[in-house]
Amino acid sequence: MFNLLKEKRLLDISGAGDPDTLRQIREEEQNRLAAVLSSSPVMDLNRDLNELHDALIGRALQLAEIEMARLGLGAPPVPYAYVLFGSGGRREQTMSSDQDSGLIYGDPSSEEEAERCERYFRTFADTVVSYLIGTGYPPCEGAVIASNPEWRLPIREWERKLDAWFDEPSWENVRYLLIVADGRQVAGDAGLWERWNNRFHRDVLGHPVIARRMMENTLRHKVLIGVFGQLLTERYGETAGTLDIKYGAYIPMVNIFRLLAVQAGIRETNTIARIEALEKADILSEKEARESIEAFSFFLMLRLMAIAKDEDGQWVGTGKFPASKLAREWKAPLKRALKLGRKLQRQVEREMRRRFGGR
């Protein structure tokens, strides 16, 4: 029955002819998943939810190509790859995730073709972003989005941009490199994506200073547990009394395993897959990997539960979970998971400073 429902969902998405239909499918599926949130294994639910997101985004891209042809702009003049960053790149989107995206396209062969490519992909990216907004994905507040020309470039210019980020490891450039580390192609030309991804991983291993800067950026979010083992809640404003699950639990773990994976040359972007790959590479012990997966899965569950519908019936999430709604049986595993996160942060900091020196 489950597989039949999944096949029907994918068939409905592939046959959708506009963003409104995609949005309706998304809402129906997310309502179904929300209804079984507390009774389903979190990794199964996370997989189903992110397969849904990938299918919706893929169909939006197809509809945008159809619209380009309707406008008289034809097919893409050169191959392109559409890339997701953030939680989309990690396959960890929630029901309220926004758009974090980029676009890579093939190098034009002439100045005339360069102008045509710029015009085509500007309109194409604007159309995709608009369709995804219509499907319920708001644009990235930080402007990491394919409609931004800084994140929509031919491959050669992308390589120059990556080189510039590596050559000048400012806080902002390192932040961009950490964003890129979570990149995942969701549609388009695999060869372009591989070339771009190869360039990133080749350069990151050749710049030791980048590792130190990444560590400093990675460790800025501290886990929400105090020195005496108490949970640290928000103290002021409308969110007073809540637990910041996103930035005080989930993101610190994402950051730790991203950093370890990048330094080990591991190209997985999903956090659980990174932990498993780190265990295979003997960077994590079997016990460390098992405890890390258990802790991260718990954070994923709370993050998925830290969402609600607004007055318009749309899913919204701040990543804040009311401490008063934390079930009694969850407190001990949450504290245990947070203590593990704090321990891992300290281990990573010590190891990185040993390998690359202090500030």
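Let me begin with a definition: on a 1 Å grid over the protein atoms alone, a pocket is an open set of points with protein on both sides within 12 Å along at least five of seven lines, a cavity is a set of points where a 1.4 Å probe fits but cannot get out, and lining residues have an atom within 4 Å of a point. Grid points are joined across faces, edges and corners, and a volume is the space filled by probe spheres set on the points.

The model you see above is predicted, and for that reason local features need pLDDT of at least 70 and side-chain atom pairs count only at pLDDT 80 or more, while totals for chains, interfaces and linings use all residues. Residues are numbered from 1 along each chain as its sequence is written, and side-chain values use heavy atoms, with hydrogens and water left out.

Now to the pocket itself. The largest pocket holds about 1100 Å³ of space, and of the 34 residues that line this pocket, Asp98, Asp100, Lys246, Tyr247 and Ile251 are the closest to its centre. Two or more lining residues come from each of the elements α4 (86-89), α7 (171-181) and α10 (245-263), where helices are DSSP runs (H or I, at least four residues) numbered from the N terminus. Which element gives the most to the lining? That is α10, with six residues. By kind, the lining divides into twelve nonpolar, twelve polar and ten charged residues, where Ala, Val, Leu, Ile, Met, Phe, Trp, Tyr, Cys and Pro count as nonpolar, Asp, Glu, Lys and Arg as charged, and the others, Gly among them, as polar.

Next, the enclosed space. There is one cavity of 30 Å³ or more, and the largest cavity has a volume of about 80 Å³. Its lining includes Tyr82, Leu84, Phe85, Asp98 and Asp100, and the residues of that lining divide into six nonpolar, four polar and two charged.

Tyr82 also belongs to the next topic, the core. A nonpolar core is a set of buried Ala, Val, Leu, Ile, Met, Phe, Trp, Tyr and Cys residues joined through side-chain atoms within 4.5 Å, and buried means under 20% relative accessible area, exposed over 50%, and partly exposed in between, with a 1.4 Å probe and protein chains only. The largest nonpolar core has 113 residues, and those with the most contacts inside it are Tyr82 and Phe124. Leaving aside its neighbours within four places in sequence, Phe124 is in contact (heavy atoms within 4.5 Å) with Leu61, Ala64, Glu65, Met68, Tyr80 and Leu103.

Last, the charged pairs. The structure holds 27 salt bridges, each being a side-chain nitrogen of Lys or Arg within 4 Å of a carboxyl oxygen of Asp or Glu. Glu67 pairs with Arg70, their closest N and O atoms being 2.7 Å apart, and both lie in helix α3 (residues 42-70), three residues apart, about one turn of the helix. Glu67 is buried at 17% relative accessibility, whereas Arg70 is exposed at 61%.

Glu159 forms a salt bridge with Arg195, the closest N and O atoms lying 2.8 Å apart. Because Glu159 lies in helix α6 (residues 155-167) and Arg195 in helix α8 (residues 190-205), this pair ties together parts that are 36 residues apart in sequence. Glu159 also forms a salt bridge with Arg199, at 3.7 Å between the closest N and O atoms, and salt bridges that share partners join Asp107, Arg156, Glu159, Asp163, Arg195, Arg199, Arg202 and Asp203 into one network.
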